[in-house]
Every structure is written in C-alpha cells, then in structure tokens.
Amino acid sequence: MITKEKVLHALSHVEEPDLKKDLVTLNMIEDIIIEGDHVTFTVILTTPACPLKGLIENACRNAIAHFISPNAKVDVKMTSRVTTQKNQPLNNISNIIVVASGKGGVGKSTVSANIALGLAKKGARVGLIDADIYGPSIPIMFGVEDAKPEAIQTPEGKTRIQPIEKFGIKLLSIGFFTDPEQPIPWRGPMASNAVKQLFNDADWGDLDYLVVDLPPGTGDIHITLTQTYPVAGAVIVTTPQKVALADTKKGIGMFMMNAINVPVLGIVENMSYFTPAELPENKYYIFGKGGGRSLAEKFNVPFLGEIPLVQAISEAGDGGEPVILQDENPMSAAFMSVAERVAQQVAIHNAKPASV
C-alpha cells in the first residue's frame with residue numbers, strides 16, 4: 001500500500017543538484033495525492049527558468065519506482081516559487097539582477113534584453129530598467145522609441161510612473177524621458193538620482209526579477225544602486241579580446257569590494273566567434289578565443305555562456321524584436337541557456353546564509 005510517508009521517504013533520496021539537499025528537506029514537495037497505485041505530487045522549483053527541471057522530474061520518477069514500486073503510476077507537476085534574498089526589504093521585487101561591463105561596445109544591452117525576455121518566456125514576472133544614461137538603447141531594441149510612460153495615482157494618493165509593457169515584460173528607460181537628438185551632460189549626483197527615480201517612483205507591481213542594464217565602466221550609478229538596493233547579483237558581459245578583458249577585471253573587482261559586496265552571478269562572453277549565415281557550422285575567432293572562460297576561472301565565478309557574432313542578433317535588436325523571441329533561430333537557444341543559468345545562480349546565492 002502506497003502512503004504519503006512512503007512517497008516522502010522516496011523523494012528524500014532526490015537531491016536538488018544546485019542546493020545539495022534533498023527535495024523534502026528543502027520543502028519542495030507539495031500536494032501529494034494517492035489513489036491506489038496512482039501517485040501525484042508537485043515539485044516547487046526555485047525558479048521557472050530552472051535548467052535542471054527535466055533532470056529533477058526524472059529523478060523523482062525513478063525514486064518512486066525504486067523505493068515504492070516500479071508499477072506505480074506517477075504524475076509529477078513541476079511549478080516554481082521564485083526565491084528571494086534573506087531580509088529582502090523590497091516586498092514586491094524578489095530579485096534585482098544588474099548587467100554590467102567594463103567597457104562600452106561589448107553588447108551589454110543586447111544581453112540584458114535577451115536575459116529579461118528569456119526569464120519571462122519561462123514564466124517569470126520580469127521588469128527591465130535601462131539605466132545606461134549615456135546610451136539608452138533598450139527603447140530601440142523593443143521598438144518603443146516613441147513611448148511615453150504615463151503617470152498614475154495610487155490609492156494612497158501618490159503619483160507613480162507606469163512602465164511600458166512589451167513582449168510580456170515591464171520597461172523603463174532613461175531614454176523615455178530625454179530627447180534622443182540632444183546630448184545631456186550628466187553630473188554624477190544628477191545621474192544617480194535620475195536612475196533611482198526609475199526604482200522608487202515606478203509602479204512595478206510584483207516582480208520575480210528586475211533586470212538592470214547598467215552603464216559601462218565603474219561609476220557613480222553602480223555604487224549608488226548597489227548601496228541603495230539589495231542586488232541579488234551581477235552578470236558581467238565581455239568580449240574575448242585583451243582590451244575588453246582588462247576592463248572586465250576592474251568591473252568584477254568592483255562588485256567584490258567589501259563596500260559593495262554583490263555576488264557575481266557569472267560572465268557572458270559576447271561576440272565569441274563569427275559565424276556567417278551561409279556557413280552556420282563555421283566559427284571564426286576574430287577577437288581571440290576563451291578569454292571569458294579563463295577570466296571566470298581566475299575569479300572563481302561561473303561562465304554563463306558564449307554568444308557568437310551573428311548578423312541576426314543585431315538585426316533583431318535594431319528591428320525592435322530581440323532574437324530570443326525567434327524560436328526557430330539557434331541564437332534564441334543560446335540566450336535562453338544564459339537566462340536559465342542566471343536564474344540558477346540567483347537561486348543558489350539566495351539559498352546561502354545571509355553572512356556568506
């Protein structure tokens with residue numbers, strides 16, 4: 001006879017690969033229903049973008065077969081409850097992910113946009129802030145250059161900015177509030193205050209992830225945001241050549257400083273190699289090879305993936321529809337893999353003791 005206790009005993013032998021504890025100890029098993037030899041239960045993952053979803057489901061089925069009966073009929077419902085940092089003061093935003101680069105021109109905004117969309121495609125509630133005050137490009141990438149966010153009144157009588165919604169995510173950009181034809185000479189405090197308004201004065205609603213596209217380099221905005229808001233982690237974007245890697249080291253070092261102490265979720269190497277559309281199997285390492293991976297090893301942080309230099313990526317961004325939305329495009333899968341690994345690293349860091 002199958003009982004709830006037997007099911008829990010079997011599933012206590014299934015380890016969550018990232019958190020290194022079993023599913024029962026982690027309270028990831030709910031809604032156990034037993035009808036004869038038919039067992040149904042729900043596995044609560046730490047993120048809808050979990051790259052190990054299939055592995056965990058198969059392990060659960062094997063555990064029931066091994067510890068209870070190979071003839072048991074098993075229905076596993078896979079859902080998620082996005083984790084957040086301990087002592088998180090922002091009740092409506094579970095995780096803030098900043099995307100940074102040591103220098104400009106490495107495709108940081110492209111990576112930011114596709115990570116945000118990848119998380120949303122997996123079912124997460126996602127917002128995206130374009131905090132790159134020197135070159136806000138998110139409005140172009142989403143085809144909303146002419147959008148003007150509206151102001152709304154909350155029930156408490158406060159005025160809030162209504163983010164623009166596109167492709168299932170909420171967007172705010174410095175570019176929505178400036179004239180694209182006019183340069184703005186930002187002073188440090190003015191720039192930081194403008195970006196803080198995108199956090200404090202916006203009606204974001206409930207978000208699992210708020211992705212922030214930072215300006216390149218290591219400046220006032222980076223310090224202000226990381227010291228003002230509880231950042232879950234930073235994604236670092238680089239290209240393979242030595243000049244970019246040298247600046248990337250400084251960016252990683254900034255997040256690791258005691259005064260900032262933001263977890264580095266990993267490194268994305270953009271423009272890793274060139275692949276012509278007519279020869280998709282060919283790879284030309286025109287900027288060098290393996291720089292991002294070796295940098296990740298040096299700093300002991302995850303390497304999140306390589307993104308090739310492909311014309312379709314830039315065309316998609318310029319056309320207002322990032323490439324990850326094109327399911328048939330191989331580059332969509334490449335960005336989705338990066339998004340899943342980012343979510344995976346956020347969950348791992350959230351599970352660590354607050355002092356770590």
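Start with the whole protein chain: residues 24 or more positions apart account for 72% of its contacts with a separation of 6 or more, a contact being heavy atoms within 4.5 Å. This is a predicted model, in which local features need pLDDT of at least 70 and side-chain atom pairs count only at pLDDT 80 or more, while totals for chains, interfaces and linings use all residues. Residues are numbered from 1 along each chain as its sequence is written, and side-chain values use heavy atoms, with hydrogens and water left out.

**Whole chain**

Keep everything selected and show the C-alpha trace. Along the principal axes, the C-alpha atoms fill a box of roughly 75 × 60 × 40 Å. The radius of gyration is 22 Å, which agrees with the value near 21 Å for a compact globule of 356 residues; it is taken over C-alpha atoms, and the globule rule is 2.2 Å times the number of residues to the power 0.38.

Switch to a surface. The protein chain exposes about 16,700 Å², and carbon and sulfur atoms supply 50% of that area; accessible areas come from the Shrake-Rupley method with a 1.4 Å probe, and for residues only the protein chains shown count as cover. Of the 356 residues, 51% count as buried. Buried means under 20% relative accessible area, exposed means over 50%, and partly exposed lies in between (1.4 Å probe, protein chains only).

Now colour by secondary structure. The protein chain has ten helices and 15 strands. Both are DSSP runs numbered from the N terminus: helices are H or I with at least four residues, strands are E with at least two.

**The eight-stranded sheet**

Select strands 10, 11, 7, 12, 6, 13, 14 and 15: in that order they form an open sheet of eight strands with mixed pairing. Two strands pair if DSSP finds at least two bridges between them. Strand 10 (164-166) and strand 15 (303-309) are at the edges; each has a single partner strand, so one side of each is left without a neighbour in the sheet. Neighbouring strands are turned by 25° against each other on average, direction ignored.

Next, select 126-130 and 169-173. These are strand 7 and strand 11, which run parallel and are joined by four bridges. Label G127 and K170 in this pair: the two residues stand opposite each other.

**Helices on the sheet**

Add residues 242-256. This is helix 7, which packs on the sheet and touches strand 6 (93-101), strand 13 (231-238) and strand 14 (264-274). The direction of helix 7 makes about 170° with that of strand 13. Axes are lines fitted to C-alpha atoms, for helices over the stretch in contact, and angles run from 0 to 180 degrees between N-to-C directions.

Then add residues 291-299, helix 8. Helix 8 also packs on the sheet, where it touches strand 13, strand 14 and strand 15, and its direction makes about 160° with that of strand 14.

Zoom in on T248, which is found in helix 7. T248 counts as buried, at 1% relative accessibility. Apart from neighbours within four places in sequence, the contacts of T248 are G102, I236, V237, T238 and L295.

**Strand 6**

Select strand 6 alone. How many of its nine residues are buried? Nine of the nine are, and the strand is mostly covered.

Show its partners next. Strand 6 runs parallel to strand 12 (residues 207-213), with six bridges between them; V98 stands opposite V212 here. Strand 6 also pairs with strand 13 in the parallel sense, over six bridges, and S101 stands opposite V237 there.

**Two positive phi values**

Most residues other than glycine have a negative phi. Select K20, whose phi is near 60°. K20 lies in the loop between strand 1 (15-16) and strand 2 (21-22), and counts as exposed at 58% relative accessibility.

Move to D31, where phi is near 55°. D31 is placed in strand 3 (residues 29-35), and at 52% relative accessibility counts as exposed.

**Cysteines**

Finally, select C50 and C60. The count of disulfides is zero, with a disulfide taken as a pair of cysteine sulfur atoms within 2.5 Å. The cysteine sulfur closest to that of C60 is in C50, 11 Å away, too far for a bond. C50 counts as buried at 8% relative accessibility, and C60 counts as buried at 0%.
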